[in-house]
Amino acid sequence: MEYSPVRLSPHAFWSGPAKKKLVLLSIMFLVWVYMLYSCVGSCSTVPGLLVDSSRARQREAGGDLLTNEPEPEPDWDRDQREQRAPEPGTMSSFSNGSGSKKLPQAIIIGVKKGGTRALLEFLRVHPDIRAVGAEPHFFDRNYENGLDWYRDLMPKTLEGQITMEKTPSYFVTREAPARISAMSRDTKLIVVVRDPVTRAISDYTQTLSKKPDIPSFESLTFKNRTTGLIDTSWSAIQIGIYAKHLDNWLQYFPMEQILFVSGERLISDPAGELGRVQDFLGLKRIITDKHFYFNQTKGFPCLKKAEGSSKPHCLGKTKGRTHPNIDPEVVQRLRDFYRPFNMKFYQMTGHHFGWD
Ligand SMILES: Nc1ncnc2c1ncn2[C@@H]1O[C@H](COP(=O)(O)OS(=O)(=O)O)[C@@H](OP(=O)(O)O)[C@H]1O
C-alpha cells in the first residue's frame with residue numbers, strides 16, 4: 001500500500017516527522033517576523049530618514065534652513081548620499097539612533113566665502129564630531145525661536161562626541177558674541193579667514209551667479225571712482241575688515257577660545273589645517289593627509305571617503321567658482337585699503353596670514 005499521510009491517525013501525525021517539520025517551520029516563521037520587526041525599528045534611525053524629518057521641521061521653521069545661507073548651497077552630493085542607507089562599515093559614524101541632542105560645543109562662525117563648508121565637511125569625517133549640515137542661523141536670524149529649537153536641530157551625540165554647526169554670518173553679527181556667550185561661555189569658536197580681496201570677489205561672484213544684472217565689481221567697490229573712495233558699506237567689502245569684527249568677539253571671548261584657520265592653507269594643505277583644528281577641539285588627530293586627494297578637474301582637495309560613504313567626495317559646484325576678471329588697479333586699490341586692517345588682524349591673532 002502506498003504511503004499516504006491522510007490515512008495516518010491524528011496521533012501518528014503529531015508524533016511523527018511531520019511534527020518536527022511543523023515545529024521547525026514555526027520557529028523559522030517566528031525568526032522571520034522578529035527580523036522584520038527589528039528592521040522596521042532600526043530603519044527609523046537611518047540618517048537619510050532623519051535628514052528628511054529634520055528638513056520637514058526646517059520647512060515648518062520658516063524654510064531658510066533648507067538653503068545653506070548665505071549661499072543657498074544645496075550640496076546635492078551630500079543630500080543624495082544621506083538618503084541612501086549607510087554602506088557597510090560606515091555605521092559607527094552614522095549610528096545616531098542613540099545618544100541625545102546637545103547644544104553645540106564648537107561653532108564655525110565665519111567668514112562667509114572663507115572655506116567654511118570645506119572645513120565642516122572635512123571635520124565630519126571625525127568619529128567624535130557630529131554636525132548639522134545646513135546653516136541654522138540661530139544667533140542672527142532665528143534667535144527668537146529659543147535654545148530648545150536650536151538644540152532640536154542638532155544631531156544626536158554619544159558621550160565624548162562634539163556637536164558642531166557652521167553659520168558664517170555670525171562673525172559679522174553684532175549680537176552673536178553676547179548670545180553665544182549666554183548659551184555657554186565655553187563654546188569654542190572657529191573662524192576660517194581668507195584674503196579679504198579674494199573673499200570680496202568670491203562674495204560678488206556668488207551674487208552675480210544669482211543676479212546676473214548687478215553692476216560690475218569695480219563700480220560697487222567705490223563710493224566715487226574718481227576720488228577712489230571705497231564703499232565700506234558694501235557687505236562684500238565690510239566683511240573683510242576682520243580686525244574690526246574680531247574686536248567685537250573679544251569683548252566676550254578670550255583669544256584662546258578662538259581658532260583662526262587659513263582659508264588658503266585649507267586648500268594647499270588641508271590635513272595640516274585639520275590637524276590644528278583637531279588639537280583645538282581636544283580630539284585625537286584622526287583626519288590626516290590619508291583622507292585627502294587633489295582632484296584635478298575640481299582644482300581642489302577632496303575627500304577620499306566622505307562621512308557615511310566609501311566613495312570620493314568633492315564639494316558641489318557652488319564651491320570653487322571661476323571668478324570674473326577684475327581690473328588690476330581696483331584690486332591694488334583694495335589691497336591698499338585692507339593692508340592696515342590686515343596688519344592689525346595679524347597682530348591681534350599673532351598669526352601672519354600672508355595676504356600682502
Ligand atoms: N576643498 C574645497 N573645495 C571647494 N572649495 C573650497 C575647498 N576648500 C576651500 N574652498 C573654498 O571655499 C569657498 C567657499 O567658502 P564657504 O564654504 O565658506 O562659502 S559660504 O560662505 O558657505 O557660501 C570657495 O570659494 P570660491 O572659490 O570663490 O567659490 C572655495 O575657494
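A helix here is a DSSP run of H or I at least four residues long, numbered from the N terminus. In this predicted model, helix 6 supplies the largest share of the shell around the ligand, namely four residues. Helix 6 covers residues 116-123, and helix 9 (196-210) and strand 11 (300-303) likewise each supply at least two residues of that shell.

The shell as a whole consists of 24 residues, and the closest to the ligand are Thr116, Lys166, Ser202, Gly320 and His323. Sorted by class, the residues around the ligand are eight nonpolar, seven polar and nine charged.

Several polar contacts involve oxygen atoms of the ligand. A polar backbone atom of Lys113 is 2.8 Å from a ligand oxygen, and a polar backbone atom of Gly320 is also 2.8 Å from a ligand oxygen. Lys319 contributes through its side chain, with a polar atom 3.1 Å from an oxygen of the ligand. The protein buries 98% of the 640 Å² that the ligand exposes when taken alone.

A further residue to follow is Ile237, which lies in helix 11, residues 235-238. Its relative accessible area is 0%, and because buried means under 20%, Ile237 counts as buried. Leaving aside residues up to four places away in sequence, Ile237 touches Thr221, Ile230, Asp231, Thr232, Leu334, Phe337 and Tyr338. Pro301 is 64 residues from Ile237 in sequence, and the two C-alpha atoms are 27 Å apart in space. Pro301 falls within the range of strand 11, residues 300-303.

How values were computed:
Residues numbered from 1 in each chain as written. Predicted model: local features only at pLDDT ≥ 70, side-chain atom pairs only at ≥ 80, totals over all residues. Heavy atoms only, no water. Buried < 20%, exposed > 50% of the residue type's maximum accessible area, 1.4 Å probe, protein only. Contact = heavy atoms within 4.5 Å. Near = heavy atom within 4 Å. Polar contact = N/O pair within 3.5 Å; in protein donor to acceptor, adjacent residues only side chain to side chain. Areas by Shrake-Rupley, 256 points an atom, 1.4 Å probe, with all protein chains shown as cover. Nonpolar A, V, L, I, M, F, W, Y, C, P; charged D, E, K, R; others polar.
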